[in-house]
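User: Please take a close look at one part of this structure, beginning with how its strands are paired. Then set that part in the context of the chain as a whole.

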Amino acid sequence: MSDDTIRLVTLGRIIRRRGRLLTLLAVVGALVGYGASVLFPPRYTTSVSVLLPGAWEERELLTQAQVATSSVVVDRAAATLRWAGVDGIELRDRLTAEAADGNIIKISGTAETPERAQRLSDQVAEQYVAFATRIVGDSSDPEAAARLDALRKTVVQTSRRINELADSSGSGRSVESVQTRTELEGLRTALQESVDKLDQAGPTAKKANMVVMGAAARPAGEAPPTRTQLIAGGALLFFLLAVVGHLTAARMSRRLRTEPEIAAALGSALLGTVDVPGGRPAHRPKGRGSMSWLRRLLGIDVRWDVPDPRASGDEAGRRIRYRRVCARLRDRLPAARSVLVVVPDGDEIALRAAGELVAEAGTGPSPGTGYPALRTVGVSVSRPMMPDRDEESGALVVLSAGSWTAGELAGIAEACADARHEVVGIVLVGTVRDRSKRSAGRPRDSAPREAGPAFAVGESTSGGAR
């Protein structure tokens, strides 16, 4: 798992085997989101638009947006609203202003109720227009205004002079007098139009006519994040964190999964791989302790990172695998009379396979060439301890892949060495889905059978301990 790419089948296996735990964590996340919505009261947001007529550059619009939320405008709005316990500093945190297309400043206000949000936006827009208009009027250049007035007076005098020239040009009966009067009228008209355009292009004229485009609409719903969004977001966040936690734990897992790694940790050779029928319950260890019921209820007593059992053949095919392991053990120890079958505590799959091996060894071909007698021994991986050597010729370790770390397997090997048992072989166990009926041969009990009593850590022994 640590080197595999995360695939959809992996995520599906997490959801399928940890469904109850993920559901519980999602509910906890939803409760956390609900608690957050209680701590943070609902907010309502509405906006109002202010039109700035005339020609404005982009940087000027950005400046106006900052002016709309300036302390001067907000303080005036706070003084007008007179909300208890709310000053201009707090109101400023509830306001935003941005420049939109078409020379529009959009002012948005947020409050605890729809009515307050509407009043806040309208009042700030009103104070902004009043303040901006006064700034434009006060900031006009006095010299430019004086020059404009002098220009108007010059235009009036020029118009009078044009009238005098037109009157002195004659009665207009001659062609020359008519042309002169026409040209003078054209000059006077062009001069007046230029002055009108100059008045319209003045800073006060174009920027003093800001218009509030209607009152702010009363908000119909809460501003995000709403209570529903907080609840859904909390549930989704806890769900994703749980999935990521499972994947991270699998990536950081030090359990050995490959045959060479397991063989190297135990310092022996692999004699074969056997299968036991069963699906999800095969990976469920026996519950111990006061919290075992909770682990079983949440489904965390079942390994999720173990691949789904593959389809199995018939009973005869599985029996051949056990028979071959026994034959290889006999070939490895031709003169052996008895061999210990070592199973780590908690490995239920290996314990079932050990029972099958013990039963198979008891049905050897003949007394002269039969398999050595097998006796199952359970050993704790936390404090491994083995019985002293008696008539055994070695120890056969039976375990499932992906369940134990290199340190735990090395501890079992050291416990065997302390008790003067040589690890003569390793048998790996996997699970399969049994879809076929048992062969027509001899019937076999589904429960594992043992040729001798299993050794437990609590029994009296003088064997070595680690």
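Analyst:
**The open sheet and its surroundings**

Strands E1 and E4 are joined by two bridges and pair in the antiparallel sense. Within E4, Val-211 is the bridge partner of Leu-51. The model is a predicted one, and the values that follow are computed from it.

This pairing belongs to an open sheet of four strands, ordered E2-E3-E1-E4, with antiparallel pairing. Strand E2 (95-100) and strand E4 (211-212) occupy the edges; each has a single partner strand, so one side of each is left without a neighbour in the sheet. In general, the strands of a sheet pair through backbone hydrogen bonds, either parallel or antiparallel.

Two strands of this sheet also contribute to the largest nonpolar core, which comprises 28 residues. Val-50, Leu-52, Leu-91, Ile-107, Tyr-128 and Met-210 have the most contacts inside this core. At least two of its residues come from each of strand E1 (44-51), helix H3 (58-68), helix H4 (71-81), strand E3 (104-111) and helix H6 (114-138). H6 gives the most, with seven residues. Beyond its neighbours within four places in sequence, Tyr-128 is in contact with Val-50, Leu-52, Gln-64, Val-67, Ala-68, Val-73, Ile-105, Ile-107 and Met-210. A second, separate core has 27 residues, among them Val-341, Leu-374, Leu-396 and Val-429.

Strand E7 (residues 338-344) offers a contrast in the sense of its pairing. E7 and strand E8 (residues 373-379) run parallel and are joined by seven bridges. Three bridges link E7 to strand E9 (residues 395-400), and these two strands also run parallel. Val-342 has Val-377 as its bridge partner in E8 and stands opposite Val-397 in E9. E7 is mostly covered, with seven of its seven residues buried. Ser-338, Leu-340, Val-342 and Pro-344 point one way from E7, whereas Val-339, Val-341 and Val-343 point the other way, and all are buried. In a regular strand, side chains alternate between the two faces of the sheet.

E9 is also among the packing partners of helix H11 (residues 259-266): the buried residues of H11 pack against E9, helix H15 (406-418) and strand E10 (423-433). Those buried in H11 are Ile-262, Ala-263, Ala-265 and Leu-266. They cover an arc of only 165° around the axis, which places them on the same side of H11. Pro-260 and Ala-264 lie on the other side of H11 and are exposed. Just after H11, Gly-267 adopts a positive phi of about 70°.

One interaction between a charge and a ring may be added. The charged end of Arg-116 sits over the ring of Trp-83, 4.5 Å from its centre. Aromatic pairs, by contrast, number zero in the structure.

As for the chain as a whole, the protein has 15 helices and 10 strands. Of its 466 residues, 39% are buried. Among contacts with a separation of 6 or more, 84% are between residues 24 or more positions apart.

Methods. Residues are numbered from 1 along each chain as its sequence is written. This is a predicted model: local features need pLDDT of at least 70, side-chain atom pairs count only at pLDDT 80 or more; totals for chains, interfaces and linings use all residues. Side-chain values use heavy atoms; hydrogens and water are left out. Rings of Phe, Tyr and Trp (its six-membered ring) pair if their centres lie within 6.5 Å; planes under 30 degrees apart count as stacked, over 60 as edge-to-face and the rest as tilted. A charge sits over a ring if NZ of Lys or CZ of Arg is within 6 Å of the ring centre and within 35 degrees of the ring normal. Buried means under 20% relative accessible area, exposed over 50%, partly exposed in between (1.4 Å probe, protein chains only). Two strands pair if DSSP finds at least two bridges between them. The arc is that of the directions from the helix axis to the C-beta atoms. Contact means heavy atoms within 4.5 Å. A nonpolar core is a set of buried Ala, Val, Leu, Ile, Met, Phe, Trp, Tyr and Cys residues joined through side-chain atoms within 4.5 Å.
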